[in-house]
Number of protein chains: 2
Amino acid sequence: MLASLDSPLLLGIDGGGSKCRAILFHPSKGVMGTGLSGAANPVNGMEAAREAIVDACVQALEAAGLSAEQLGECVAGAGLAGVNLPSCFAAMNAWQHPFAALHLTTDLHIACLGAHGRQDGAIMITGTGSCGFLDLAGKQTIVGGHGFPQGDKGSGAWYGLMAVQHALEASDGLAPATAMGAGLARALGSQEPLSWVEQLAGQRSTAYARLAAVVFEAAEQGDPEALAIRAEGADYINRLARQLLDAGAPRLSLLGGLGPLVIPHLSPEVQEALSPAQATPEMGAVFFAQDQRRAGARKEQG
Amino acid sequence: MLASLDSPLLLGIDGGGSKCRAILFHPSKGVMGTGLSGAANPVNGMEAAREAIVDACVQALEAAGLSAEQLGECVAGAGLAGVNLPSCFAAMNAWQHPFAALHLTTDLHIACLGAHGRQDGAIMITGTGSCGFLDLAGKQTIVGGHGFPQGDKGSGAWYGLMAVQHALEASDGLAPATAMGAGLARALGSQEPLSWVEQLAGQRSTAYARLAAVVFEAAEQGDPEALAIRAEGADYINRLARQLLDAGAPRLSLLGGLGPLVIPHLSPEVQEALSPAQATPEMGAVFFAQDQRRAGARKEQG
């Protein structure tokens, strides 16, 4: 076991609500391989998350010309959505995983470590979900990120839900029909509100996040409802940004797939305060695994 | 089979998202027994809905001193949430049910038949979900009722979700703390937003509907956020009512557990237009089964 822990092979894992990315990293050789699999949010299914993690890691090993058996020689750092919930952390931590060691933290923490090159800073994420995170003087604070539909305002899932709500009201004649209804019909491949509901009933955040572009496209066409939604989402991200900056974040990055759509509509001072990410969340997960190993080594020596 | 269909024993079933009610009815003896079981919304699980229906019906038989075996002598009328979705209706209709016959329609239809004593009219429901329904000159129209969270504005689930969203934003310091946060903490038995999220993550509409009273209690205390939510929910029900009345509804009833909380905040002209329900939805399901049998008998004779 100790021999394995001395291995320089590191796996960096970013497990989110819609996909799981892994990189195989060697301190002198750099990134040796990458892997991509499905959703790895343990809240939505522990077993599926574990399978997605292993799948992405095996891909990364194979891309480097190594075999799945060598998972046991790798020290893994994983940032997973949902493990800020204590019950979820405990369940995932109890996993009889195939790695030499597995260091577990949140997807937010590794994204922040990557974005600021393991220095203090804050991030905001607008992807399937939304969240703020501050890593300052060894203290980590999450702002928002309570999940869908109860939180995650300004996220892709939230934009999608707003589009669906407004289009359904319009289809009932309870609100004026706008460009969002036509956009939603195209996105869902049907003019029939009943079909929209059948496609979405009981679905999770990812199904709604796929519809976020409907709002931004309709807003570009001047649709007043879409403009109001876009402004409400941007207002939330502005408030999030101000709180992270007021709390002392020396650096702030906005991450997530919705970033390019959202950033132009944030307030000028928030746009001004944003810095680009220096490395990926997967790389942040490698940083985290390295830091944990060092802390462990110091503990053993001390 | 024909002998069974001639039986005067009728079961009226009202299957909703949070519970299933059944009555055993005899044309000359009246209501002989009642039963109550769990959620019977087929959208949230076909098998659970079928079990809830049988459970409630067996209770109704046993309350009348009859046995479960006599389900086969009963003609059942069932109004179920969700069967307005064609796929859901087809799946439920394929059931090898234990009744002599089963006549299937929506929970809205039976509620409307009950509320207006099988005459034309319209209903609005504000319970776990919300919906409008018009039964006029043989044509039935649903307005709203698209389910949670994509529709069902002004419903218990919607009020609960609004309370949670606002309390979580306040807990993050992104919105002012109001009485709703304290109310939510009491309702969920914890001061900890993390615990709220753990209790609600992945939960369905019923979990949120249980929190609806938080908004109304905070509004009574003058909480500005709660007052705004209450006004937004009432505005939706007002629009629903006006559309049903404009479409020609000769009579309009507001049903559902949230009614007593909602009605005082509707516009005066909508309150004026409301009539009390004349019979229960389960009784409406009995009316429906009787009407279907008569229509079937006419068909055979014709």
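Visitor: Why is helix α4(B) called largely enclosed by the rest of the structure?

Guide: Because 9 of the 9 residues of α4(B) are buried. A residue counts as buried if 20 or more other C-beta atoms lie within 10 Å of its own. In α4(B) that holds for Asp107(B), Leu108(B), His109(B), Ile110(B), Ala111(B), Cys112(B), Leu113(B), Gly114(B) and Ala115(B). Please keep in mind that this is a predicted model.

Visitor: Which strands does α4(B) lie across?

Guide: Helix α4 (residues 107–115) of chain B lies across β6, β7, β8 and β9 of chain B, and runs at about 120° to β6(B). After the helix comes Gly117(B), with a positive phi near 55°.

Visitor: What makes β8(B) and β9(B) edge strands?

Guide: Each of them pairs on one side only. The strand order in this open sheet is β8-β7-β6-β9 (chain B), with mixed pairing. Neighbouring strands are turned by 15° against each other on average, direction ignored.

Visitor: How do you know that β6(B) and β7(B) pair?

Guide: Two strands pair if there are at least two bridges between them. Strand β6 (residues 121–126) and strand β7 (residues 130–136) of chain B have 6 bridges, in the antiparallel sense. One example is Ile125(B), whose bridge partner in β7(B) is Cys131(B).

Visitor: How do you know on which side of α7(B) its buried residues sit?

Guide: The buried residues in α7 (residues 193–200) of chain B are Pro193(B), Trp196(B), Val197(B) and Leu200(B). They cover an arc of only 95° around the axis, so they are on the same side of α7(B). The buried residues of α7(B) pack against α5 (156–171), α6 (179–188) and α8 (205–209) of chain B. Just after α7(B), Gly202(B) takes a positive phi of about 75°.

Visitor: Let's turn to chain A. Why is strand β2(A) called mostly covered?

Guide: Because a residue with 20 or more other C-beta atoms within 10 Å of its own is buried, and 6 of the 7 residues of β2 (residues 20–26) of chain A are buried.

Visitor: Which strands are joined to β2(A) by bridges?

Guide: Strand β1 (residues 10–15) of chain A runs antiparallel to β2(A), with 6 bridges; Ile13(A) stands opposite Ala22(A) there. Strand β3 (residues 30–37) of chain A is also antiparallel to β2(A), with 7 bridges, and Ile23(A) has Thr34(A) as its bridge partner in β3(A). A hairpin through 4 residues joins β1(A) to β2(A), and a hairpin through 3 residues joins β2(A) to β3(A).

Visitor: How do you know whether the radius of gyration of chain A agrees with that of a compact globule?

Guide: For 302 residues, a compact globule would have a radius of gyration near 19 Å, and chain A has 21 Å, which agrees. Its C-alpha atoms fill a box of roughly 70 × 40 × 35 Å along the principal axes. Chain A comes to 13 helices and 9 strands, and buried residues make up 55% of its 302 residues.

Visitor: How do you know how the two copies are related?

Guide: A turn of 180° and a shift of 0.0 Å along the axis lay chain A on chain B with an RMSD of 0.1 Å. The two copies are therefore related as by a two-fold rotation axis. The same surface serves both copies: 100% of the contact residues of chain A recur in chain B.

Visitor: Which residue of chain A comes closest to the rotation axis?

Guide: That is Pro149(A), whose C-alpha is at 3.6 Å.

Key
Residues numbered from 1 in each chain as written. Chains lettered and ligands numbered in written order. Predicted model: local features only at pLDDT ≥ 70, side-chain atom pairs only at ≥ 80, totals over all residues. Buried ≥ 20, exposed ≤ 12 C-beta atoms within 10 Å, placed from the backbone. Helix = DSSP H or I, 4+ residues; strand = E, 2+ residues; numbered from the N terminus. Arc of directions from axis to C-beta. Contact = placed C-beta atoms within 7 Å. Axes fitted to C-alpha atoms, helices over the stretch in contact; angles between N-to-C directions. Least-squares fit on C-alpha atoms with pLDDT ≥ 70 in both. Rg over C-alpha atoms; globule rule 2.2 N^0.38 Å.
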